[in-house]
Structure formats: C-alpha cells, structure tokens
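Please work through the exercises below with the sequence and the three-dimensional structure at hand, and try each task before reading its solution.

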Amino acid sequence: MRLNQASDFALRVLMLLANEKEPITVEEIAQRLQLVKSHVMKIVAKLVKAGILESHRGRTGGISLGKPPAQIMVGDVVREIEADLAIVECMLDKECGCVFSPRCKLKGVMADARSAFLDVLDTRSLQSIVMQP
C-alpha cells in the first residue's frame, strides 16, 4: 500500500509545526519544507477543518498545532488526507467490473490488510515521530 503525496506532505507539515513555539505562515512552511505553497495551503485547510491544526489571523498569525503532539495520531492524519484507502478496485463504493465478484474473498483479505496498516498508524502519535531540535 502506498499513501499519496499529500499524506507525506501533511505529516512533514505536522512534524515541522511540532517543533515550533509560535505559529508560522503557510509560505514559511512551504519554504522550509521545500514544497509548493498551493499544495501546503490545501493540506493545511484540510487539517484545520479536522481540528488537527489551528489558523491564527493577524500580524502575528500563522498555523500551529490544534492539540498537543501526543494527541495527534498518525492514523487520524492519514484518514483525513487520503481520499481513497481502497487497496483493490472491489473495495471502492461503486460497481466493480471484476469477474470474480461477488464470490471472491480477496476483498476481505485486503480489508484486513488495510485495517492492520491503519492499526499500526493508530499506535503512533506525532510526538513519537518528531525529531527533537
């Protein structure tokens, strides 16, 4: 299973912010992580909506964590950012063109694999993956 690039970027943004004492701007986040600002803006917007990040307005505004790093679980971030965690086509919420469906047991095996993957991510907090400055 491979996560999309947005999940990778989201985790990098969170890791950066975990070491910041004050809010920093989206522009500064993009520069420091060497990411495209428009990508960072989309990711930040999703994470703010989910309550994982906070947006602060004004002259000293910017972006900060919405809760302590120990309370931000990697699995929650991945679920928030990933639009589709279907490993195979038959796991999608649409009609599948597979000739083995509906009797195939592959869907169940892949669902178990996805659950195991997410279960591991649910045991890791942002705090556990952040490199201390």
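## Exercise 1: A residue of helix 1

Ser7 is buried, with a relative accessible area of 0%. The model used here, and in every exercise that follows, is a predicted one.

Task: state in which helix Ser7 is found, and decide which residues Ser7 touches once those up to four places away in sequence are set aside.

Solution. Begin with the position in the chain: Ser7 belongs to helix 1. Next, compare its relative accessible area of 0% with the cut-off for buried, which is under 20%; the value falls under that cut-off, and Ser7 is therefore counted as buried. Finally, leaving out residues up to four places away in sequence, the residues that Ser7 touches are Val78, Ile81 and Glu82.

## Exercise 2: The overall layout

Task: describe how many helices and strands the protein has, and in what pattern they follow one another along the sequence.

Solution. A count of the elements gives 6 helices and 2 strands. Reading along the sequence, one meets them in the pattern α-α-α-β-β-α-α-α. To add the dimensions, the C-alpha trace spans about 60 × 30 × 25 Å along its principal axes. As for burial, 31% of the 133 residues of the protein count as buried. Turning to contacts between residues at least 6 apart in sequence, 61% of them join residues at least 24 apart.

## Exercise 3: Helix 1 against helix 4

Task: determine how the axes of helix 1 and helix 4 are placed relative to each other, and list the residues through which the two helices meet.

Solution. Two packed helices are described by the angle between their axes and by the distance between those axes. For helix 1 and helix 4, the axes come within 9 Å and cross at roughly 135°. That angle makes helix 1 oblique to helix 4. The crossing in which helix 1 passes helix 4 is right-handed. At the residue level, helix 1 contributes Ala6, Ser7, Ala10, Leu11 and Leu14, which meet Val74, Val77, Val78 and Ile81 of helix 4.

## Exercise 4: Which face of helix 4 is buried?

Task: find the buried residues of helix 4, and explain why they line one face of the helix.

Solution. The buried residues in helix 4 are Val74, Gly75, Val77, Val78 and Ile81. Seen down the axis of helix 4, these buried residues fall within an arc of 160°, and so they line one face of the helix. The elements they pack against are helix 1, helix 3, helix 5 and helix 6 (126-129). Glu80 also lies in helix 4, but Glu80 is partly exposed, with a relative accessible area of 38%. Apart from its neighbours within four places in sequence, Glu80 is in contact with Lys46 and Ala50. The C-alpha atoms of Glu80 and Ile52 are separated by 9.6 Å, although these residues stand 28 residues apart along the chain.

## Exercise 5: Helix 1 against helix 2

Task: work out the angle at which the axes of helix 1 and helix 2 cross, and name the residues that meet.

Solution. The axes of helix 1 and helix 2 come within 11 Å and cross at roughly 105°. That makes helix 1 roughly perpendicular to helix 2. On the side of helix 1 the residues are Arg12, Val13, Leu16 and Leu17, and they meet Ile29, Arg32 and Leu33 in helix 2.

## Exercise 6: The nonpolar core

Task: state how many residues the largest nonpolar core has, and identify which helix gives the most to it.

Solution. The largest nonpolar core has 31 residues, and those with the most contacts inside it are Leu14, Leu17, Ile29, Leu47, Leu53 and Val77. At least two residues of this core come from each of helix 1 (5-18), helix 2 (26-33), helix 3 (37-49), strand 2 (62-65), helix 4 (74-81) and helix 5 (106-121). Helix 1 gives the most, with 7 residues. To follow one core residue further, Leu47 touches Ala10, Leu14, Ile52, Leu53, Val77 and Ile81, when residues up to four places away in sequence are not counted.

Definitions and conventions
Residues numbered from 1 in each chain as written. Predicted model: local features only at pLDDT ≥ 70, side-chain atom pairs only at ≥ 80, totals over all residues. Heavy atoms only, no water. Core = buried A, V, L, I, M, F, W, Y, C linked by side-chain atoms within 4.5 Å. Buried < 20%, exposed > 50% of the residue type's maximum accessible area, 1.4 Å probe, protein only. Helix = DSSP H or I, 4+ residues; strand = E, 2+ residues; numbered from the N terminus. Contact = heavy atoms within 4.5 Å. Arc of directions from axis to C-beta. Axes fitted to C-alpha atoms, helices over the stretch in contact; angles between N-to-C directions. Parallel < 35°, antiparallel > 145°, perpendicular 65-115°, else oblique. Left-handed = near helix turned anticlockwise from the far one by under 90°.
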